Amino acid sequence: MIPFNKPFLTGQETEYIKQAVASGKISGNGIFTQRCQSFFEERYGFKKTLLTSSGTDALEMAALLLNINPGDEVIVPAYTFVSTANAFVLRGAKVVFADSSAHHPNLNANLLESLITPRTKVIVVVHYAGVACDMPQIMAIADKYNLFVVEDAAHALDSYYIGPDRTKKPLGSLGHLAAFSFHETKNIIAGEGGMLVINEEQFINRAEIIWEKGTNRAAFFRGEMNKYEWVDVGSSFLPSEITAAFLWAQLENLDGIQKRRKAIWGIYQDCLKDIAQSGKLQLPFIPESATNNGFMYYVLCQNTEQRTNIIRHLGQKNILAVFHYLALHKSPFFREKHDGRELPYADLYTDTLLRLPFYYELRDEEIECICHQIKQVLA
Ligand SMILES: *Cc1c(COP(=O)(O)O)cnc(C)c1O
């Protein structure tokens, strides 16, 4: 049996959880939380990071920080996870869905300006499969119309945008705010977990307050206040030290995890090259301006029927392959609210994108076997 995903444990998780428990401080914002946050700030140059209980929470914090109110418009790719949109819908925003590109599920930045109205406040981008969106173009548009940009970087840990001069900029450092996820399906995991990145000085203090239920408790614990009070809206967004301790065990092994995951991606790409050349499948496209972070491996089928056949055939061989997002503009919750625009590429990826098993412990021979089985169905 080859599952689709298998959470990878480095072996130190329970040891660090034991230490967190023994320290007597198991609520949030303790030693492990601060250690994880410093790690991200130092490694990627993020101005400020706050661990959250999920990527969803980080997105909800972003919506609160940007003061989204009923009637505000937020541009969101249609081909994404529900949380990207829900975080803003919860604040009463009107979500305007953007279509994907022809060559990649990422949103088509060339269409953005046509979606902007005087009520638009935010553009949310999703770096699908860890592949960078066209951030310079998106940030230039945001600048021109005075909009904020939130990066949903849930897929994009340890991935980069590469500039025309070949300089690498970490994803999550390019928008005003960014959200990461440490859900067990991501590269680095904590069961459930996430992180908000704050790249703008102006948001840092308030982010910490929203994180701590609308109080200035974080500043109080640093000795900057002699009491803590209710000073703003907020919620309980911080994870316990138990989660942070688990996450720390993963972060210590980040380079090893990334190396293996990128190797797995490369083996798939090699094994499937010939079938792609025959035109029966399309392999993932990574533009010059993006890196691959080994988050997932997907192929694009010719149509839904072909995809169903592959899934069925692999299933018979005990290999679990899955499709991915069902574009949100056609979801049961949103379809009545959608403005009726056709989003052909979001539909195309909904219908044809197929994800293959992807996890740290997947062996080379297993990847070869999966590819062999795919070739058999298509022969
Ligand atoms: C996983 C994911 C999220 C949500 O993260 P959780 O930690 O599961 O809340 C948001 N957006 C995208 C694109 C994701 O893949």
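From which domains does the lining of the second largest cavity draw at least three residues each? The model examined here is predicted. In this model, the lining draws at least three residues from each of domain 1 (13-251) and domain 2 (254-378). The second largest cavity has a volume of about 50 Å³. Its lining consists of His104, Ala129, Val131, Trp265, Pro284, Phe285, Ile286, Asn292, Met296 and Tyr298. By class, 8 of these lining residues are nonpolar and 2 are polar, with no charged residue.

The structure holds 3 cavities of 30 Å³ or more. The largest cavity encloses about 70 Å³ of space. A total of 14 residues line this cavity. Lys6, Phe8, Lys186, Asn187 and Arg261 lie nearest its centre. The lining of the largest cavity divides into 7 nonpolar, 3 polar and 4 charged residues. Charged residues are thus part of the lining of the largest cavity, whereas the second largest cavity has none in its lining. Domain 1 (13-251) and domain 2 (254-378) each supply at least three residues to the lining of the largest cavity.

Open space was examined next. The largest pocket has a volume of about 590 Å³. Its lining comprises 32 residues. Nearest the centre of the pocket lie Phe81, Thr185, Lys186, His324 and Tyr325. Helix α3, helix α4 (82-89) and strand β8 (177-181) are the elements that give two or more residues to this lining. The lining of the largest pocket has 14 nonpolar, 13 polar and 5 charged residues. Both domain 1 (13-251) and domain 2 (254-378) give residues to the lining, so the largest pocket lies between them. Lys186 is among the residues nearest the centre of the largest pocket. Lys186 is also among those nearest the centre of the largest cavity.

Two helix pairs were then considered. Helix α3 (residues 55-65) packs against helix α6 (residues 201-211). The angle between them is about 125 degrees, and their axes are 10 Å apart. An angle between 115 and 145 degrees counts as oblique, and α3 and α6 are therefore oblique to each other. Their crossing is right-handed. Helix α3 is also one of the elements that give two or more residues to the lining of the largest pocket.

The second pair is formed by helix α9 (residues 254-271) and helix α13 (residues 364-378). These helices pack at an angle of about 30 degrees, with their axes 10 Å apart. Angles under 35 degrees count as roughly parallel, so α9 is roughly parallel to α13. The crossing of α9 and α13 is right-handed.

Key: Residues are numbered from 1 along each chain as its sequence is written. This is a predicted model: local features need pLDDT of at least 70, side-chain atom pairs count only at pLDDT 80 or more; totals for chains, interfaces and linings use all residues. Side-chain values use heavy atoms; hydrogens and water are left out. On a 1 Å grid over the protein atoms alone, a cavity is a set of points where a 1.4 Å probe fits but cannot get out, and a pocket is an open set with protein on both sides within 12 Å along at least five of seven lines; lining residues have an atom within 4 Å of a point. Grid points are joined across faces, edges and corners, and a volume is the space filled by probe spheres set on the points. Ala, Val, Leu, Ile, Met, Phe, Trp, Tyr, Cys and Pro count as nonpolar, Asp, Glu, Lys and Arg as charged, and the others, Gly among them, as polar. Domain bounds come from an automatic or database domain assignment. Axes are lines fitted to C-alpha atoms, for helices over the stretch in contact, and angles run from 0 to 180 degrees between N-to-C directions. Helices (H or I, at least four residues) and strands (E, at least two) are DSSP runs, numbered from the N terminus. Angles under 35 degrees count as roughly parallel, over 145 as roughly antiparallel, 65 to 115 as roughly perpendicular and the rest as oblique. A crossing is left-handed if the near helix is turned anticlockwise from the far one by less than a right angle, and right-handed if clockwise.
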